[in-house]
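This report looks at one helix and its surroundings, and then at a pair of helices that pack against each other. Please keep the structure in view while reading.

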Amino acid sequence: MPPSNAPLLAAGPEVVAIPGPSVMPARVLNAMHRSMPDIYAGDLTDVIDEVFDALPAIAGTTSRAFVPIGNGHAGWEMALSNTLSRGQLVLVLDCGRFAAIWGEMAEFNGLRVETITAPFGQAIDPAVVEERLAADTGHEIAAVLTVHVDTASSVRNDIPAIRSAIDAAGHPAMFMVDCIASMGCERFEMDAWRVDVTISASQKGLMTPPGLAMVWAGPKALAAHESADLRTRYWDWTYRTEDGPYYLRFCGTPPVSHLFGLREALRMIDEEGLEARYARHVRLADAVRAAVRAWSTEGGLGFTATVAEQRSHAVTSIRTGSIDADALAHRCRDQFGVTLGVGIGGEPGTSFRIGHMGHVNAPMVLGVLGAIESALADLGAPTAGSGVAAASAALAAAGHDG
């Protein structure tokens, strides 16, 4: 008999359950696997047109997207540099980690930064935002920056409520929202919620390998662009015109393979339908949350996001209390072939994260939860009950397999 800690792995891919890069559909990967085409005419230009025409609906807007080559951080810098000027003040609303990093980028690029930080595990309080903006009678604050979902804490901010707070204060600041973890997974309505700049990236809910950012700019942001002095040639929206050669949209050679992949991903999203897609993410997230509740004990596993209504449908962060999160992650990876997301924020080894975004279904989620439950048992970790049984019951009650 093999030892009890022998890997239970067969030849084949491991399961990656981190909150991005997410699982990539075979259709997307197959679409990317092609010879390089003519970048000036023909198939590639048709693909570019289809991608740019499809992207506004994904964000709930009529505004066109800019698509720089880069990750979500590239989207952050494009948004800042095209709308703001050196020395201006921005208000960062942080509910985990990533809005704060965006603020660090703003400061590095010559902006002044003020941060409102929610208690870790909680969303931003719109009343606090309203109070701060109302006090800014000189309208010194040029922009409000926040995330829709923070990938570290798995907290979802109430974007319409924050917009209402800005309006109640009578403040003209631009409103910029990072939707990198939520786009294509959680409902987001840029125009209806009156967001001025929306940022996303390819590698999470949009099911395409890392390498593309998306920045949707509304009328207010485009107007600010005219006088922004942080503009640089590579990021510049004016230079990335849709008039003239197609390569200008990318400030040089287009990201050929990624564009073919993103075109296929957007087709898959359209085939599923956004409403069905949002509902699928809710069902799968509910299953994960049912598992966490079943496992939870005093001093053991529990939610990082402390308010149920603020928990993301794309990622779940789990605090581990007395359980060594690193040992749990290592056991899941080495013995069961499941890679979990490391905790971000707080002390090392005290949390882990499960990504359930994009190309995921019930069998995948149940497999990940089963590996975690087996690893917990192997470590002798305290649990109140079976998370897999609770997740299965939640899926059965939902009446769909996701």
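## Basis of the description

Helices, here DSSP runs of H or I with at least four residues, and strands, runs of E with at least two, are numbered from the N terminus. The model described here is predicted.

## Helix α2 and its two sides

Helix α2, which covers residues 43–58 and so has 16 residues, reaches 23 Å from its first C-alpha to its last, and this is close to the 22 Å expected at 1.5 Å a residue. Buried residues in α2 are Leu44, Thr45, Val47, Ile48, Val51, Phe52, Leu55, Pro56 and Ile58. Because these residues cover an arc of only 165° around the axis, they lie on the same side of α2.

On the other side of α2, Asp43, Asp53 and Ala57 are exposed. The buried residues are covered by elements that include the strands β2 (65–66) and β8 (213–217), together with the helices α8 (256–272) and α9 (274–295). Just after α2, Gly60 takes a positive phi of about 65°.

## The pairing of α3 and α4

Helix α3 (residues 72–83) and helix α4 (residues 98–108) have axes that come within 10 Å and cross at roughly 50°. This angle falls outside the ranges counted as roughly parallel, antiparallel or perpendicular, and α3 and α4 are therefore oblique to each other. Their crossing is right-handed.

Where the two helices meet, His73, Trp76, Glu77 and Leu80 of α3 are in contact with Phe98, Ile101, Trp102, Met105 and Ala106 of α4.

Conventions. Residues are numbered from 1 along each chain as its sequence is written. This is a predicted model: local features need pLDDT of at least 70, side-chain atom pairs count only at pLDDT 80 or more; totals for chains, interfaces and linings use all residues. Side-chain values use heavy atoms; hydrogens and water are left out. Buried means under 20% relative accessible area, exposed over 50%, partly exposed in between (1.4 Å probe, protein chains only). The arc is that of the directions from the helix axis to the C-beta atoms. Contact means heavy atoms within 4.5 Å. Axes are lines fitted to C-alpha atoms, for helices over the stretch in contact, and angles run from 0 to 180 degrees between N-to-C directions. Angles under 35 degrees count as roughly parallel, over 145 as roughly antiparallel, 65 to 115 as roughly perpendicular and the rest as oblique. A crossing is left-handed if the near helix is turned anticlockwise from the far one by less than a right angle, and right-handed if clockwise.
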